[in-house]
Amino acid sequence: MITISKVIQDSAETLKRNSIVEPMREAKSLLALALEKDMAFLIAHPEYELKEDELNIFQSYIKRRSNHEPFQYIAGKQEFWRLDFIVTPDVMIPRPETELIVEAGVKILENIENPYFCEVGIGSGCITVSILHEIKKAKAIGLDISEKALKVAKLNAEKNKVSDRLELAKSDVFENLTEDKNFDLIVSNPPYVPSEDVPGLQAEVRDFDPYVALTDGKDGLSIIKKLINESPNHLKSGGFLLMEMGFNQSNKVREMFDLEVWKEIEFFADLQGIPRMVKAQLF
Ligand SMILES: C[S@@+](CC[C@H](N)C(=O)[O-])C[C@H]1O[C@@H](n2cnc3c(N)ncnc32)[C@H](O)[C@@H]1O
């Protein structure tokens, strides 16, 4: 039988050999997950001997993490906007910088009487579910080209008790919206990595986030361009577009806005100071 302290040491060594950053922290997190305990339990019981099934589960987690599978896919969850989200291999893991869209979206919608918004590429649902959770009077439609992702978004809407205010539909950008809509806001974190950059991404991202969530298969700007060109057909006059972008795309994105159609174009930086989100208002 092996104790908590010994199994942490051994598995941290394994993770380190496989180039996992912060192997000790990762080993502890995975052990806490396998034992369904918190960190305090690990600290308080270093001599606890793992049962055979606990050891088997933990070893399978260490094997997956050594293969660079992100912790969140192993755990099947990720916190975002202080809410819990289910994540499966069918959706991108919610990233902290994407909370910029939620923050700006809430500010826009909180003063509107019956706010109605749309998300293109809803994925796990983290953006739309968070906004609906904040603004109880809001309703939304979430679109995604991936049917599997839409199923995860549905689960997350149910988990966070907003599913009665969310409609979901499979669509390539706006293609399946049957009529021109009158949204107050359109939000999107589109796949914006140029396809030629995908091989150079870290293994955790390249090999595990869905390819269709990372890249448009082209220069990374094609869906951004569609959103800028087609959103005016689905927004109220004075409505807003909030969109995330890649780290060096802001200049190109700025040039895509027709200044006779859009006003108040503003870029917001993430915690690293990189322009990460654009906000624009329709005339
Ligand atoms: C970067 S992920 C964002 C997911 C989620 N909104 C988030 O912020 O974590 C992009 C999402 O867009 C979807 N997508 C990719 N191409 C699309 C398209 N042409 N039309 C609609 N959705 C698309 C992907 O399936 C994926 O769920």
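Trainee: In what order do the strands of the open sheet stand?
Mentor: This is a predicted model, in which local features need pLDDT of at least 70, side-chain atom pairs count only at pLDDT 80 or more, and totals for chains, interfaces and linings use all residues. Residues are numbered from 1 along each chain as its sequence is written, and side-chain values use heavy atoms, leaving out hydrogens and water. Helices (H or I, at least four residues) and strands (E, at least two) are DSSP runs numbered from the N terminus, and two strands pair if DSSP finds at least two bridges between them. Seven strands form the open sheet, with mixed pairing, in the order S5-S4-S3-S6-S7-S9-S8.

Trainee: Which are the edge strands?
Mentor: An edge strand here is one that pairs on one side only. That description applies to residues 166-170 and to residues 262-269, which are strands S5 and S8.

Trainee: By what angle are neighbouring strands of this sheet turned against each other on average?
Mentor: Axes are lines fitted to C-alpha atoms, for helices over the stretch in contact, and angles run from 0 to 180 degrees between N-to-C directions. For the neighbouring strands, however, direction is ignored, and the average is 15°.

Trainee: Which residue in S9 stands opposite Leu-241?
Mentor: S9 covers residues 275-282 and pairs with S7 in the antiparallel sense over five bridges. Opposite Leu-241 stands Ala-280.

Trainee: What angle does the direction of H7 make with that of S3?
Mentor: H7 packs on the sheet and touches S3 (116-120), S4 (139-144), S5 and S6, where contact means heavy atoms within 4.5 Å. Its direction and that of S3 make an angle of about 160°.

Trainee: How many residues of H7 are buried?
Mentor: Buried means under 20% relative accessible area, exposed over 50%, and partly exposed in between (1.4 Å probe, protein chains only). The buried residues are Cys-126, Ile-127, Thr-128, Val-129, Ser-130, Ile-131 and Leu-132. H7 is mostly covered, and of its nine residues the buried number is seven.

Trainee: Why does Val-129 of H7 count as buried, and what is its relative accessible area?
Mentor: Val-129 lies in helix H7. Leaving aside neighbours within four places in sequence, Val-129 is in contact with Phe-85, Asn-156, Ala-157, Asn-160 and Val-162. Val-129 counts as buried because its relative accessible area is 0%.

Trainee: Which element gives the most residues to the largest nonpolar core?
Mentor: A nonpolar core is a set of buried Ala, Val, Leu, Ile, Met, Phe, Trp, Tyr and Cys residues joined through side-chain atoms within 4.5 Å. The largest has 31 residues, of which Phe-117, Ile-131, Leu-185, Val-187 and Leu-242 touch the most other members. At least two residues each come from S2 (83-86), H6 (99-109), H7 (126-134), H8 (147-159), S6 (183-188) and S7 (235-244). With seven residues, the element that gives the most is H6.

Trainee: How many residues does the other core hold?
Mentor: Another core lies apart from the largest one. Its members include Val-173, Phe-174, Leu-235 and Phe-257, and its size in residues is 28.

Trainee: How many disulfides does the protein contain?
Mentor: A disulfide is a pair of cysteine sulfur atoms within 2.5 Å. By this rule the count is zero.

Trainee: How far from the sulfur of Cys-118 is the nearest cysteine sulfur?
Mentor: Cys-118 counts as buried because its relative accessibility is 0%. Cys-126 also counts as buried, at 8% relative accessibility. Cys-118 is in no disulfide, and the nearest cysteine sulfur, that of Cys-126, lies at a distance of 15 Å.

Trainee: Where does Ser-124 lie, and what is its relative accessibility?
Mentor: Ser-124 lies in the loop between S3 and H7. Beyond its neighbours within four places in sequence, Ser-124 is in contact with residues including Phe-85, Met-92, Pro-94 and Asn-156. Ser-124 counts as buried because its relative accessibility is 2%.

Trainee: What distance separates the C-alpha atoms of Val-7 and Glu-264?
Mentor: Val-7 is in helix H1 (residues 4-17), and its contacts outside four places in sequence are Ile-2, Leu-31, Leu-50, Leu-55 and Phe-58. Glu-264 is 257 residues away from Val-7 along the chain, and the C-alpha separation is 56 Å.

Trainee: What percentage of the residues in the protein is buried?
Mentor: The protein comes to 12 helices and nine strands, and its C-alpha trace spans about 70 × 40 × 30 Å along the principal axes. Of its 283 residues, the buried share is 51%.
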